[in-house]
Amino acid sequence: MHKIVRTDTLAPSMFLMELEAPKIAEKRKAGQFIILRIDEKGERVPFTISDSDTARGTLTLIYQVVGKTTAQMSALRVGDSILDVVGPLGKPTHIENFGTVCCIGGGTGIAIAYPIAKALGGAGNTVISILGARTKDLLFYEDEVRAISNELLVCTDDGSYGQKGLVTEMLKQLIDRGEKLKMVVAIGPVPMMKFVARMTKEYEIPTIVSLNPIMIDGSGMCGCCRVSVGGATKFVCVDGPEFDAHQVDFELLTKRLATYRDKETESYNRYKHSKEECKIGRG
Amino acid sequence: MDPKERMKIPRQKMPEQKPDVRAKNFNEVPFGYTEELALKEANRCLQCKKPSCMKGCPVEINIPSFIKLIAEGHHWEAIRKIKETNSLPAVCGRVCPQESQCESYCIVGKKAEPVAIGRLERFAADYERRSGKVVKPGLAPPTGKRVAIVGSGPAGLTAAGDLIRMGHKVVIFEALHKAGGVLVYGIPEFRLPKEIVQAEVDFLADLGIEIHLNTVVGKADTLDDLLSDGFDAIFVGTGAGAPLFMNIPGENLSGVYSANEYLTRSNLMKAYLFPDYDTPIATSRIVAVVGGGNVAMDSARTALRLGAEQVHLIYRRSKEEMPARSEEVHHAEEEGVIFDLLTNPIRYIGDDKGRVVAVECQKMELGEPDQSGRRRPVPIKGSEYTMELDTVIVAIGNGPNPLVPSTTPDLEVNRKGNITADLQTCKTSKRGVFAGGDIVRGAATVILAMGDGKVAARSIDAYLKDPGWWDRPAPEPTPEKEEKKAG
Ligand SMILES: Cc1cc2nc3c(=O)[nH]c(=O)nc-3n(C[C@H](O)[C@H](O)[C@H](O)COP(=O)(O)OP(=O)(O)OC[C@H]3O[C@@H](n4cnc5c(N)ncnc54)[C@H](O)[C@@H]3O)c2cc1C
Ligand SMILES: Cc1cc2nc3c(=O)[nH]c(=O)nc-3n(C[C@H](O)[C@H](O)[C@H](O)COP(=O)(O)OP(=O)(O)OC[C@H]3O[C@@H](n4cnc5c(N)ncnc54)[C@H](O)[C@@H]3O)c2cc1C
Ligand code: SF4
Ligand code: SF4
Ligand code: FES
């Protein structure tokens, strides 16, 4: 059992959870993730470790509510517990002093880009971060990312905050002003990663993306997380989650992510429905 | 009763669910012997002076003795006799490929059908479990030594059970959220109820074994971390858990599963109870399972139970070459699995959403025998055909999981990635580290994994009592032992 010690709402449907997992907190490195199972009937669901506190023995997860498990998580309070947490899983990010690097986080991807940007900064890189969201309300972690970046660019699709535009446009500005980017780390929705990869390929800037396929065990046993990278099949949980963006087959990733869409929707709707009945019952 | 009379008794069938009923539920297929049937079957044993059956049992159960005890109605004594050498009889009685092990050596089998050793073993084990009065063995006085067991499959559980009896402190580390290895995530409920595995695990926990679930060794701690954390020896029993694919076009389409994924969703995550349990699994109309082993049979029979209208088993050789237990092949046929033999998939075809909708197959014929002695399947030119389907389950085998070896540079592995260990002692190339089961042998059987767990426990005990043991060469195998191995 892993006790929840802090929860926070970062944006509508975007939440933070800090929970006890001393061993994982001690061992984890940037880029790694955990898999949790809320209760006996729960699914095994992967989340990036956004941060850890070795003194408190805790991990910070940042998640967006997209389905049943994440909705259940958002209903948990300080003092509640998560049944199973396993990790740290996946390969850590390859960290060294490259020079100037650009870390891009889009939507939930901000949570995943943050620890990587932090580690790259810690290794002496000049870190330029780009955060993107659809609209102002969905933006989170701006101060945290600013604190670990040499420069921060913020954009929203609708122009309600920061510059109006997409993260690729911000990246283009950096390239146009002559930044010699040694590497780009791009994490966010699959289409965003795909477009960043397309642009950086043109400029020949090495680019890393972190992939988020459906997973079960997270230790290379089921093969459900397989993706195609450079024409070869890879298991994201053990060979990744980070890969060379220019080699990833994003189409395949998108299609495989949709495998259970109907069932996930059914499960989420049932959950929402049962919650509403609860409320009516109480009222 | 004289031997002639005994030989006249026919082999007793186990009562089981009817095929059309059981193909729609996940309850165990056979009900097991009643006491009456067990007595009858036990009376078929000739109580041989030199029981050849024992040669076929990798853990050397004293077969005539326990069968005699059943025949005399002393079921308690029977199970204790079995447990002297086999700590998981309820499991082995159900899943051992008896027809190629103990029963294949039974003398009765020369003239009639062999004594149903496995079924009797199962009877005794179930008798004990149902009584709720499982006897705890005595433990040797504490030695103060600590042993880490990596992986809680049959190899790890057996080693753990033996080591704690020898007085050592034992801690098991398991990657998943349940202990049992393939017994919980792979073999389905209808063949091995999970309650039985859980009872065995609880029994070990009761003896004082610590079980750390959700712990992936190589990620959380490495073997070196464990050794420097005060463990005096380690047994690695991480199994053969990495699914193999054929690398043919379309294998990554949605709807194409590895058997591990399909079975894990259904068994470990209870997807057959979706949406009460959260993990989904495909709702299928036509399923093709590729392969001919136990894993393929389990996948095919699971697919039927999940509601598929048609389940095809595509196997590139003929039925005689199938490595699955014959009882399970028979069960699968009875339940309506369609066998597409001498057939091989060559590519999968998807729709615009990336979902599999058909498979293209090729017919095969048997040519010259290959290294394994089985006749090699060769494609027949021009025999290609396509079959519509919506789900594919690839069950062509599993390789070793590299997590432990890749984080332990001084642990030798072979070309395939299996840990190199001397099966006589289970000693690896790394001092203090022992290994056995599928991670050493490649995908094998429950009982061989357990046999390795036993050997490892004995070696670890010897090593802990006298560290110099490690540097002495293993004794030459006795000729009798060799014979057993060949069996
Ligand atoms: C290595 C890794 C790290 C991740 N880190 C984070 C993180 O830090 N924060 C976070 O919010 N999410 C993260 N995810 C995604 C997260 O696991 C999913 O959002 C989660 O499984 C949703 O569970 P659910 O039961 O709430 O929704 P589900 O019912 O499982 O899914 C609801 C909807 O989300 C889509 N979906 C399902 N799984 C995923 C997935 N893995 N990625 C994207 N969409 C998915 C489905 O297609 C469906 O439309 C990560 C995924 C991986 C593989
Ligand atoms: C579907 C299926 C059906 C089968 N049917 C039969 C049958 O009928 N009869 C028969 O005799 N055999 C059968 N087998 C084969 C048999 O199950 C195996 O040979 C046996 O389980 C091997 O035991 P093991 O202890 O070596 O490993 P496993 O049972 O594979 O257990 C290994 C355990 O180690 C854990 N692990 C792996 N890596 C790590 C790590 N890094 N850290 C911590 N833990 C780790 C795994 O999660 C797993 O729990 C079947 C196999 C399958 C897959
Ligand atoms: S353990 Fe397996 S091989 Fe040994 S007697 Fe029992 S069924 Fe036969
Ligand atoms: S060989 Fe057959 S008859 Fe002889 S002791 Fe063994 S089981 Fe009994
Ligand atoms: S999640 Fe099972 S192999 Fe990656």
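# Briefing: ligand shells and the chain A–chain B interface

The shell around ligand 4 holds ten nonpolar residues, one polar residue and no charged ones. This is a predicted model. Chain B also meets chain A, with 45 residues of chain B in contact with 42 of chain A. Over all chains, the whole structure contains 53 salt bridges and 15 aromatic pairs.

**Ligand 4**

- Four cysteines stand in the list of surrounding residues: B:Cys45, B:Cys48, B:Cys53 and B:Cys106.
- Two prolines, B:Pro51 and B:Pro64, also surround ligand 4.
- The list is completed by B:Leu46, B:Ser52, B:Ile107, B:Val108 and B:Ile117.

**Ligand 3**

- The shell around ligand 3 has 14 residues, and those that come nearest are B:Cys57, B:Cys96, B:Gln101, B:Cys102 and B:Glu121.
- By class, this shell splits into nine nonpolar, four polar and one charged.

**Ligand 2**

- Ligand 2 has 35 residues around it.
- B:Val95, B:Glu174, B:Arg191, B:Val217 and B:Asp438 come nearest.
- Backbone atoms also approach oxygen atoms of ligand 2. For B:Ala444, a backbone N or O atom lies 3.2 Å from an oxygen of the ligand.
- For B:Thr445, a polar backbone atom is 3.4 Å from a ligand 2 oxygen.
- For B:Gly181, the distance from a backbone N or O atom to a ligand 2 oxygen is 3.5 Å.

**Interface of chain B and chain A**

- About 3700 Å² is buried between the two chains, and carbon and sulfur atoms give 50% of this area.
- Three residues, B:Lys219, B:Asn252 and B:Asp278, supply 19% of what chain B buries against chain A, more than any other three.
- Six salt bridges cross the interface.
- In one salt bridge, the side chain of B:Asp221 meets that of A:Lys27, at 3.3 Å from N to O.
- Polar contacts across the interface number 27 residue pairs.
- On the chain B side, the elements that give two or more residues are strand S5 (242-243), strand S6 (256-258) and helix H12 (259-268).
- H12(B) gives the largest share, four residues.
- This side of chain B comprises 19 nonpolar, 13 polar and 13 charged residues.

**Long-range links within chain B**

- B:Lys430 and B:Asp224 form a salt bridge, with the closest N and O atoms 2.6 Å apart.
- The two residues are 206 apart in sequence: B:Lys430 is in the loop between helix H15 (403-406) and strand S16 (433-435), and B:Asp224 is in helix H11 (residues 223-228).
- B:Phe26 and B:Phe190 make a tilted aromatic pair, 6.2 Å from centre to centre, with 50° between the planes.
- B:Phe26 sits in the loop between helices H2 (19-22) and H3 (35-42), and B:Phe190 in the loop between helices H9 (182-185) and H10 (194-207), so the pair ties together parts 164 residues apart in sequence.

**Backbone points to check by eye**

- Most peptide bonds are trans, and most residues other than glycine have a negative phi.
- The bond joining A:Gly87 and A:Pro88 is cis, with omega about -5°. A:Pro88 belongs to strand S8 (residues 84-89) of chain A.
- A cis bond also runs from A:Gly240 to A:Pro241, with omega near 15°. A:Pro241 lies in the loop between helix H7 (236-239) and strand S17 (242-244) of chain A.
- B:Asn214 has a positive phi, near 55°. This residue is in the loop between strand S3 (210-212) and H11 of chain B.

Note on methods
Residues are numbered from 1 along each chain as its sequence is written. Chains are lettered from A and ligands numbered from 1 in the order in which they are written. This is a predicted model: local features need pLDDT of at least 70, side-chain atom pairs count only at pLDDT 80 or more; totals for chains, interfaces and linings use all residues. Side-chain values use heavy atoms; hydrogens and water are left out. A residue is near a molecule or strand if one of its heavy atoms lies within 4 Å of it. Ala, Val, Leu, Ile, Met, Phe, Trp, Tyr, Cys and Pro count as nonpolar, Asp, Glu, Lys and Arg as charged, and the others, Gly among them, as polar. Contact means heavy atoms within 4.5 Å. Buried area is the accessible area (1.4 Å probe) that two parts lose on being put together, summed over both. A salt bridge is a side-chain nitrogen of Lys or Arg within 4 Å of a carboxyl oxygen of Asp or Glu. A polar contact is a pair of N or O atoms within 3.5 Å; within protein, one must be able to donate a hydrogen and the other to accept it, and residues adjacent in sequence count only if both atoms are side-chain atoms. Rings of Phe, Tyr and Trp (its six-membered ring) pair if their centres lie within 6.5 Å; planes under 30 degrees apart count as stacked, over 60 as edge-to-face and the rest as tilted.
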